[in-house]
Amino acid sequence: MNQSIANHLPRRALLALAACAALAGCASSKGPATNAIYDFGPAAAASPAPAGRANLAAAVVTDVTGNAAYDSERMFYRLNYADPLQARAYANSRWNATPLQLLTQRFKTRVAQSGVKVLSTTDASTGVPLLRIDLDDFTHSFDSTASSYGEVAVRVSLFDKHTLVDQRTFRHKVGAQSADAAGGARALAQAADAVASEMIAWLASDPRTAPTTRKQ
């Protein structure tokens, strides 16, 4: 960067530029960096104690839905200390599937591990309860150049014979062990598993027997 230009940039802008260069793998004279592809890794066996066992014998679990940014393999991050309204993308790192697809597979796996028979939407006519999951947040955020976290938030609606039984929002944040795409991927995977455990614990309480609530 031209030194005369740098002298006129505010400190916040300089920090943001430095972070962009370090995190996103901005172009350099050394040539393009090797692309890295991430996913959530294999689903480990569920721990029976924290999650419990869902009381539903079977359920239709729909594919996770969300806005267009989550329907892309690009890996995004935010510099909250510079401009939290700007979503930036890692240049040389991506997911091996969209976050919506990764979460769909992980949540269905976790629900099945809890003892619930997971059915597809084509089985909805059988009258089994239906679990709809909307993704509200899937973010790797930096509070500083060295501190970041992955956060996942979903809005889960349980329907029984087309009637809304209950709706809950589950949110979990996990600190990243490294300030890069790899650290963000691990933190988001751990946050997704934590959300799945909280969702299964909710199902284990059998919300069908409780008064209908809508928690946003």
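**Entry: Gln-113**

I started at Gln-113, which lies in helix H4. For the record, helices (H or I, at least four residues) and strands (E, at least two) are DSSP runs, numbered from the N terminus. This is a predicted model, in which local features need pLDDT of at least 70 and side-chain atom pairs count only at pLDDT 80 or more, while totals for chains, interfaces and linings use all residues. Residues are numbered from 1 along each chain as its sequence is written, and side-chain values use heavy atoms, with hydrogens and water left out.

Buried or exposed, or partly exposed: what is Gln-113? I found that Gln-113 is partly exposed, at a relative accessible area of 34%. The scale I use is buried under 20% relative accessible area, exposed over 50%, and partly exposed in between (1.4 Å probe, protein chains only). The side chain of Gln-113 has a polar contact of 2.7 Å with the side chain of Arg-110. A polar contact here is a pair of N or O atoms within 3.5 Å; within protein, one must be able to donate a hydrogen and the other to accept it, and residues adjacent in sequence count only if both atoms are side-chain atoms. I also checked Ala-44, 69 residues apart from Gln-113 along the chain: their C-alpha atoms are separated by 9.9 Å.

**Entry: the whole chain**

Stepping back, I counted five helices and eight strands. Along the sequence, I read the pattern as α-α-β-α-β-β-β-α-β-β-β-β-α. Of the 216 residues in the chain, 40% are buried. For contacts (heavy atoms within 4.5 Å), I took those with a separation of 6 or more; residues 24 or more positions apart account for 72% of them. The chain exposes about 11500 Å², and carbon and sulfur atoms supply 52% of that. These areas come from the Shrake-Rupley method with a 1.4 Å probe; for residues, only the protein chains shown count as cover.

**Entry: strands S2 and S3**

I went through the side chains of S2 next. Ala-58 and Val-60 point one way, Ala-59 and Val-61 the other way, and all are buried. On pairing, I note that two strands pair if DSSP finds at least two bridges between them. S2 runs parallel to strand S5 (residues 117–119), with three bridges between them, and Val-60 stands opposite Leu-119 there. S2 also runs parallel to S6, through two bridges, where Val-60 faces Leu-130.

In strand S3 (residues 74–79) I saw alternation: Met-75, Tyr-77 and Leu-79 point to one face and are buried, while Arg-74, Phe-76 and Arg-78 point to the other and are not. Which strands pair with S3? Strand S4 (residues 88–95) does so in the antiparallel sense over three bridges, with Arg-88 as the bridge partner of Tyr-77. Strand S6 (residues 130–142) runs parallel to S3, again over three bridges, and Phe-142 in S6 is opposite Leu-79.

**Entry: the largest nonpolar core**

By nonpolar core I mean a set of buried Ala, Val, Leu, Ile, Met, Phe, Trp, Tyr and Cys residues joined through side-chain atoms within 4.5 Å. The largest one has 44 residues, and Phe-107, Leu-135, Phe-138, Val-154 and Met-199 touch the most other members. Elements giving two or more residues to this core include strand S2 (58–61), helix H4 (99–113), strand S7 (148–160), strand S8 (163–175) and helix H5 (181–204). H5 supplies the largest share, twelve residues. In soluble globular proteins, nonpolar side chains tend to be buried together.

What does Phe-138 contact beyond four places in sequence? I listed Phe-40, Tyr-70, Trp-95, Pro-99, Leu-103, Glu-151, Val-152 and Leu-188.

**Entry: Glu-151**

Glu-151 turned up in that list, so I followed it up. Glu-151 sits in strand S7 and is buried, with a relative accessible area of 12%. A polar contact of 3.2 Å joins its side chain to that of Arg-171. Beyond four places in sequence, Glu-151 touches several residues, among them Asp-137, Thr-139, His-172, Lys-173 and Leu-188.

**Entry: the S7–S8 loop**

Last, I checked phi angles. Most residues other than glycine have a negative phi, and most peptide bonds are trans. Lys-161 lies in the loop between S7 and S8, and its phi is positive, near 55°. His-162 lies in the loop between S7 and S8 too, with a positive phi of about 70° although it is not a glycine. Lys-161 is exposed at a relative accessible area of 64%, and His-162 is exposed at 80%.
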